[in-house]
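Got your viewer open? Let's take a walk through this protein, one selection at a time.

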Amino acid sequence: MTLPVLAVVTGVYLETALPSWLSLAGRRPDLALSLCVAFSALHGPCRGALLGCLAGVLIDAMLGRFIGSNALSFACACYVVGWLARDYLRVSPLLGFTCGMVGSVIKYSLQVVALRTGGLAVPFH
């Protein structure tokens, strides 16, 4: 599990250190989520959730925001994607695309709920 951890650490670093001029329409790619979701689809829900939690804690620590919001949303998204990939999505040729979409929707939905529960406004652009 050393290689996936190194890949996620590199993805988190690139995601947080990329200059703003490398963004597309004001958005940056979510490299850590993409790597974690792919790992989860290939290696199962528990290992994926563990890697997702690590990536979320690293992002929270690097950005200095609420520690735990990304960890929870990454872990839940990776667990659900790993579970779906294991039981339902193995026959689909669009496995990667489907897992990425499901993971993104779950992650951002959980973050909106967590921020709203904490009484914070969620900026939508």
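Here is a tour that starts with the whole protein and then moves from helix to helix.

**Stop 1: the whole protein**

Before you click on anything, keep in mind that this is a predicted model. Switch to a cartoon view and look for the 5 helices; there are 0 strands. Walking from the N terminus, you pass the elements in the order α-α-α-α-α. The protein has 125 residues, and 33% of them are buried. Now turn on the surface: about 7500 Å² is accessible, and 72% of that belongs to carbon and sulfur atoms. Contacts also reach across the sequence: among those between residues at least 6 apart, 59% join residues at least 24 apart.

**Stop 2: helix α2**

Select residues 31–43, which make up α2. How far apart should the ends of this helix be? With 13 residues at 1.5 Å a residue, α2 should span 18 Å, and its end C-alpha atoms are indeed 18 Å apart. Colour its buried residues: Ala32, Leu33, Cys36, Val37, Phe39, Ser40 and Ala41.

Zoom in on Ser40, which sits in α2. Is Ser40 buried or exposed? Its relative accessibility is 0%, so Ser40 counts as buried. Show what Ser40 touches beyond four places in sequence, and you get Pro45, Gly48, Cys78, Tyr79, Val81 and Gly82.

**Stop 3: the glycine after α2**

Step along to Gly44, which follows α2 and has a positive phi, near 100°. You are now in the loop between α2 and α3. Gly44 counts as buried because its relative accessibility is 14%, and the cut-off for buried is under 20%. Try drawing a distance from the C-alpha of Gly44 to that of Trp83: they are 39 residues apart along the chain, yet the separation is 6.6 Å. Setting aside neighbours within four places in sequence, Gly44 is in contact with Phe39 and Gly82.

**Stop 4: helix α3**

Next, select α3, residues 45–63. This helix has 19 residues and runs 26 Å from first C-alpha to last, close to the expected 27 Å. Highlight Pro45, Gly48, Ala49, Leu51, Gly52, Ala55, Gly56, Ile59 and Asp60, which are buried in α3. What covers these buried residues of α3? The cover includes α1, α2 and α4. At the far end, Gly64 follows α3, and its phi is positive, near 70°.

**Stop 5: the way into α4**

Carry on to Gly68, in the loop between α3 and α4. Gly68 counts as partly exposed because its relative accessibility is 29%. Its C-alpha lies 9.8 Å from that of Leu58, which is 10 residues away along the chain.

One step on is Ser69, found in helix α4. At 17% relative accessibility, Ser69 counts as buried. Look past residues up to four places away in sequence, and you will see Ser69 touching Asp60 and Gln111.

**Stop 6: helix α4 and its crossing with α2**

Select the whole of α4, residues 69–87. Its 19 residues should span 27 Å at 1.5 Å a residue, and the 27 Å between its end C-alpha atoms agrees. Its buried residues include Ala71, Phe74, Cys78, Val81 and Ala85. As you look along it, remember that an α-helix has 3.6 residues a turn, so residues three or four places apart point the same way.

Show α2 and α4 together. How do their axes meet? They come within 8 Å and cross at roughly 35°, in a right-handed crossing. On the α2 side, the residues that meet α4 are Ala32, Leu33, Cys36, Val37, Ser40 and Ala41. On the α4 side, look for Phe74, Cys78, Tyr79, Val81, Gly82 and Ala85.

**Stop 7: the nonpolar core**

Finish in the largest nonpolar core, which has 16 residues; select Cys36, Ala55 and Phe74, the ones that touch the most other members. The helices α1, α2, α3 and α4 each supply at least two residues of this core, with the largest share, 6 residues, coming from α2.

For a last close-up, centre on Phe74. Leaving out residues up to four places away in sequence, Phe74 touches Asp30, Ala32, Leu33, Cys36, Gly52, Cys53, Ala55, Gly56, Ile59 and Lys107.

Notes:
Residues numbered from 1 in each chain as written. Predicted model: local features only at pLDDT ≥ 70, side-chain atom pairs only at ≥ 80, totals over all residues. Heavy atoms only, no water. Helix = DSSP H or I, 4+ residues; strand = E, 2+ residues; numbered from the N terminus. Expected span 1.5 Å × (residues − 1). Buried < 20%, exposed > 50% of the residue type's maximum accessible area, 1.4 Å probe, protein only. Core = buried A, V, L, I, M, F, W, Y, C linked by side-chain atoms within 4.5 Å. Contact = heavy atoms within 4.5 Å. Areas by Shrake-Rupley, 256 points an atom, 1.4 Å probe, with all protein chains shown as cover. Axes fitted to C-alpha atoms, helices over the stretch in contact; angles between N-to-C directions. Left-handed = near helix turned anticlockwise from the far one by under 90°.
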